[in-house]
Structures are given as C-alpha cells and as structure tokens.
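Visitor: I am new to this structure. Please pick a single part and show it to me closely, piece by piece.

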Amino acid sequence: MPFQSFKDYLFLEKNYSVLTVNAYQNDLEDFLKFVTNEYETSSINKVNYSQIRSWIVSLVEAGLSNRSINRKISALNTYYKFLLKIGEIKLNPLAKHRALKTSKKIQVPFSQSEIEMVLDDLNFGEDFESIRNKLIIELFYSTGIRRIELVQLRINSIDLDSKKLKVIGKRNKERIVPLLKSVAQTTIKYLAIRSKLECISDSDSLFLTKKGVKIYETLVYRIINDYFSLASSKVKRSPHILRHSFATHLLNQGADLNAVKELLGHSSLAATQVYTHNSIAELKKVHIGAHPRSKK
C-alpha cells in the first residue's frame, strides 16, 4: 500500500501530529494483519465492506470499546478517501458505514473552590519546579489550552507587554489568548528562575524540566494530578479537566459561547457545546431566582 504517500498527506495537507499519524499507521497495520490472516490478501486496497465488518466484529469480541473501534475505522476511512483522491480505488468500501453508538462522556470539572484551594491555599514554594508548576496550572485554568499546546509553547509565545499568549493548536491553527495580570506576574517570576538553570539544552521552549530539557506530556499530566489530588476527590484529575473547568466557569459567569469557542480553539460550536451541561444547571438557578412567576 502507498503508505508513505499517505503519511506525507497526513503531515503536509492535514497537518496531523506525529502521534496521530503513528496511531493511524498502527490501525492500518492491524487491519492488514487481520485481512492477511482471514482472507489471505496482502492489500487492504481490494477489500470489501463485509470483510471490514468482520474486523469490527473481531474488535468487539476482543473487548474494545465502541469509541476505540470508531477511531480505528476513522483511520481506515481516511486512508480510503486518500486512495480515492489519488485514483488508486474507484469506490470507498466505508462510504455507507455508520459509526457505532457511543455513550457521551460526562467530564466533571473542578469546582471554583477546588481550584482556589490549589492556587491560593497550597504552599508552592520558591524553587524552580514549584514556580513552574504553579504557572502551568494557572495557564491551563486561565487560558483553556490543551496539554500538547502547553508543551509546545515557546519563549516568544508570550508577550508580557500586551499580556497575550500565542497558541498553535490543532492543524497548526494559531490563536491569541489574553493573559491575566496574575499569570503574567507568575510568568515573570518563572522566567527569572528558569534563566538560572545550570544547563539548558532547549532554550526556545518555555517549559523545561529541572535538567533544562523540554517538558513532556506525561510529566504535565502528573503535575496536575498530584496537585489536585490534594484538593479534589474526583477520579479524573487531568489537564483536560482544567480545560473543561475553564470553559464551564466562563459559561457559568455568562460568557458568550462563541467567545469561549475562539478561546478554546474549536473549529465549530458543536465542539464547544459539550461544556454547556453544567452552565445549564447554573442558568436554571438564575431563572428560578429571577423570574417573576417562579414563586407561584
């Protein structure tokens, strides 16, 4: 299969990340193994939908969730669309496929009191890692950026004079997010202690480990989980929950949905609306408390 051309297409035209492209490759290789074993074919370009359906059945029997199966089929579908585009096939065997039903995940945000407990009540200390960790938490909660976006921040991403943050999001889409004064102050403090690290191997990256190398995603997750385990009993304590908290708290305070969409870097309102279920509860309280007929 022309997979190198497909990878180039994902990188150059679709602007997918290395992680996404690797996941696509793994999914296609898994499918190729399946059709090779079951149907003795060495090409996934010539399979039909019934053969794909048998793969789906095998994945269900293996215990994969519908969400995981849909992701694998999505990778396969993208590959077939690419083959159509370059004229390798005339029909996409997945053209009429309907995704498996999945239950919507309810992301429970941190409460404002939980976030205040972490940022205002915990003693972070004045060493490099403590100041860095506080800035990471402040940035997540005040800007709503994704974990990978935070990891990829550069020194020149932050404009302290105008208090703005330049974020490179999905598909290299750039957005500008305002910085709170308190976050700008923590940034100044962090940059001062960062400059005193003995060895810096990646001088352009904003966030570094204490060894002077670029911070990585698992460390960022661990930082958020560790600090919020001191203030919250929620099962999931991740950077994404902080992003969810950012959006939910803004909407609860009456922020415009379109404005929140732009801050989050979503391409459509539908993606932002998943954060509104908590704000609806808040709106109900306001409605009941303010409507003239609520006491009747």
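Guide: The chain exposes about 17,100 Å² (Shrake-Rupley method, 1.4 Å probe). Carbon and sulfur atoms supply 52% of that area. This is a predicted model: local features need pLDDT of at least 70, side-chain atom pairs count only at pLDDT 80 or more, and totals for chains, interfaces and linings use all residues. Residues are numbered from 1 along each chain as its sequence is written, and side-chain values use heavy atoms, with hydrogens and water left out.

First, the setting. The C-alpha atoms fill a box of roughly 70 × 65 × 35 Å along the principal axes. The chain has 296 residues, and 41% of them are buried (under 20% relative accessible area; exposed is over 50%, partly exposed in between; 1.4 Å probe, protein chains only). It holds 13 helices and 3 strands (DSSP runs numbered from the N terminus: H or I of at least four residues for helices, E of at least two for strands).

Now the part to look at: the sheet. Its 3 strands run in the order β1-β2-β3. The sheet is open, and the pairing is antiparallel (two strands pair if DSSP finds at least two bridges between them). β1 (158-159) and β3 (174-178) stand at the edges. Each has a single partner strand, so one side of each is left without a neighbour in the sheet.

Start at β1. It is joined to β2, residues 164-168, by 2 bridges. Ile 158 stands opposite Leu 165. Asp 159 has Lys 164 as its bridge partner. Between these two strands lies a hairpin with 4 residues. There, Lys 163 takes a positive phi near 55°.

Next, β2. Its side chains alternate between two faces. Leu 165 and Val 167 point to one face, and both are buried. Lys 164, Lys 166 and Ile 168 point to the other, and these are not buried. So which residue of β3 does Ile 168 stand opposite? It is Glu 174.

Finally, β3. A total of 5 bridges join β2 to β3, again running antiparallel. The two strands form a hairpin with 5 residues between them. In that turn, Arg 171 has a positive phi of about 55°.

To retrace the path: begin at the edge strand β1. Turn past Lys 163 in the hairpin. Follow β2 with its alternating side chains. Turn again past Arg 171. End on β3, at the other edge.
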